[in-house]
Amino acid sequence: MADTTQQMAAAEEKKEDAVPQQAKAHRMLQVSILRYNPADPDSGPHLQTYSVSETDSMTLYILLNELRDTQDPSLQFDFVCRAGICGSCAMLVNGKPTLACRCLTRDLPDHFTLAPLPGFELIGDLSVNTGKWMRGMSERIQSWCHLNDDNVNLSKIETPMDPHLAEIHLPTAVECGCCVASCGNFRMRPDFVGAVAINKISRFRLDPRDHRNDADYYEILGTESGVFGCMSLLACHDFCPKDLPLKTQIAFMRRKMAEQGIMGKEEPSLKRVIPLRELKLD
């Protein structure tokens with residue numbers, strides 16, 4: 001009994017000793033951020049390094065807000081939800097696209113670099129206009145339910161999607177732009193719609209409320225700017241912060257579009273689908 005009491009006391013002492021040691025383990029981080037404000041004619045791209053004391057469970061979101069609050073109020077970056085849902089805080093961390101709100105500093109080295117996502121219009125520093133590109137892409141692929149009835153009754157309750165099919169599509173893309181920024185083919189072919197568009201079309205193809213068929217989808221994706229332009233590098237799959245099965249969706253749509261292109265299995269529906277080449281993303 002005495003030995004057990006001594007062991008418990010020793011264990012408590014170790015816990016008490018561990019608290020100050022953990023506090024001393026906090027690092028002084030060196031963060032190099034690519035700064036550039038295109039709206040300022042006197043501004044030029046350059047790296048600016050900041051020193052930040054790491055705290056427990058610190059994320060890049062917390063770090064950047066601390067930098068802006070205590071050191072540099074001119075630092076530009078985006079955030080909304082802080083929970084990996086809105087996709088606003090996507091950026092390059094040591095050259096890899098990720099969400100700042102989900103990236104813990106404890107997983108990074110003492111010195112790391114932050115840069116804006118490539119391929120999008122730069123607003124300033126780490127802030128890019130992903131919304132402009134995403135809207136253009138959505139209009140280009142017509143990512144909405146196409147109904148047979150032109151006279152839609154907006155006062156009528158929308159027909160719900162079958163729960164089983166809805167589960168197949170969850171979680172949905174947050175349109176953060178990580179898949180686009182990591183796509184080597186997009187850098188070589190700016191008109192490539194990317195994995196986010198292919199994933200959207202795959203979702204509508206399985207939606208029973210959308211009355212388009214594979215011939216209609218072929219008009220949208222059946223080109224080198226669509227699903228046949230993917231070189232299967234699959235960086236989109238590797239860097240998706242939501243772990244979406246993008247490689248599976250790309251393979252699925254490529255197979256279906258190949259079947260339609262070779263065998264012409266279906267005729268286009270009565271509704272005209274705008275071909276990919278008629279719209280631009282800018």
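**A tour of the sheet and the packed helices**

Start by selecting Leu-34 and Leu-47: Leu-34 stands opposite Leu-47 in strand 2. This is a predicted model, in which local features need pLDDT of at least 70 and side-chain atom pairs count only at pLDDT 80 or more, while totals for chains, interfaces and linings use all residues. Residues are numbered from 1 along each chain as its sequence is written, and side-chain values use heavy atoms, with hydrogens and water left out.

**The sheet**

Widen the selection to residues 28-35, which are strand 1; strand 1 pairs with strand 2 in the antiparallel sense over 8 bridges. Two strands count as paired if DSSP finds at least two bridges between them. Strands (E, at least two residues) and helices (H or I, at least four) are DSSP runs, numbered from the N terminus.

Now show the whole sheet. It is open, has 5 strands in the order 2-1-5-3-4, and its pairing is mixed. Its edge strands are strand 2 (46-53) and strand 4 (96-99), each pairing on one side only. From one strand to the next the twist averages 35°.

Next, select residues 111-115, strand 5. Strand 5 pairs with strand 1 in the parallel sense over 4 bridges, and Phe-112 of strand 5 is the bridge partner of Val-31. With strand 3, strand 5 pairs in the antiparallel sense over 2 bridges; here Leu-114 of strand 5 is the bridge partner of Val-93.

**A salt bridge from strand 1**

Go back to strand 1 and select Arg-35 together with Asp-72. They form a salt bridge, with the closest N and O atoms 2.8 Å apart (the rule: a side-chain nitrogen of Lys or Arg within 4 Å of a carboxyl oxygen of Asp or Glu). The pair links distant parts of the chain, 37 residues apart: Arg-35 is in strand 1, and Asp-72 is in the loop between helix 2 (60-70) and strand 3 (90-93). The count by this rule comes to 13 salt bridges.

**Helix 7 and its partners**

Select helix 7 (residues 194-205) and helix 10 (residues 246-263), whose axes come within 9 Å and cross at roughly 65°. Axes are lines fitted to C-alpha atoms, for helices over the stretch in contact, and angles run from 0 to 180 degrees between N-to-C directions. The two helices, 7 and 10, are therefore roughly perpendicular to each other. Angles under 35 degrees count as roughly parallel, over 145 as roughly antiparallel, 65 to 115 as roughly perpendicular and the rest as oblique. The contact (heavy atoms within 4.5 Å) includes Ile-198 and Arg-205 of helix 7, and Phe-252 and Met-253 of helix 10. Its residues divide into 7 nonpolar, 3 polar and 2 charged. Ala, Val, Leu, Ile, Met, Phe, Trp, Tyr, Cys and Pro count as nonpolar, Asp, Glu, Lys and Arg as charged, and the others, Gly among them, as polar.

Keep helix 7 and add helix 3 (residues 130-141): these pack at an angle of about 40°, with their axes 10 Å apart. Helix 3 and helix 7 are therefore oblique to each other. Trp-133, Met-134, Met-137, Ser-138 and Ile-141 in helix 3 meet Val-196, Ala-197, Lys-200 and Ile-201 in helix 7. By class, this contact of helix 3 with helix 7 has 7 nonpolar, 1 polar and 1 charged residues.

**Last stop: helix 8**

Finally, select helix 8 (residues 214-221) with helix 10; their axes come within 9 Å and cross at roughly 110°. Among the contact residues are Tyr-217 and Tyr-218 of helix 8, and Met-257 and Gly-261 of helix 10. The residues of this contact divide into 6 nonpolar, 2 polar and 2 charged.
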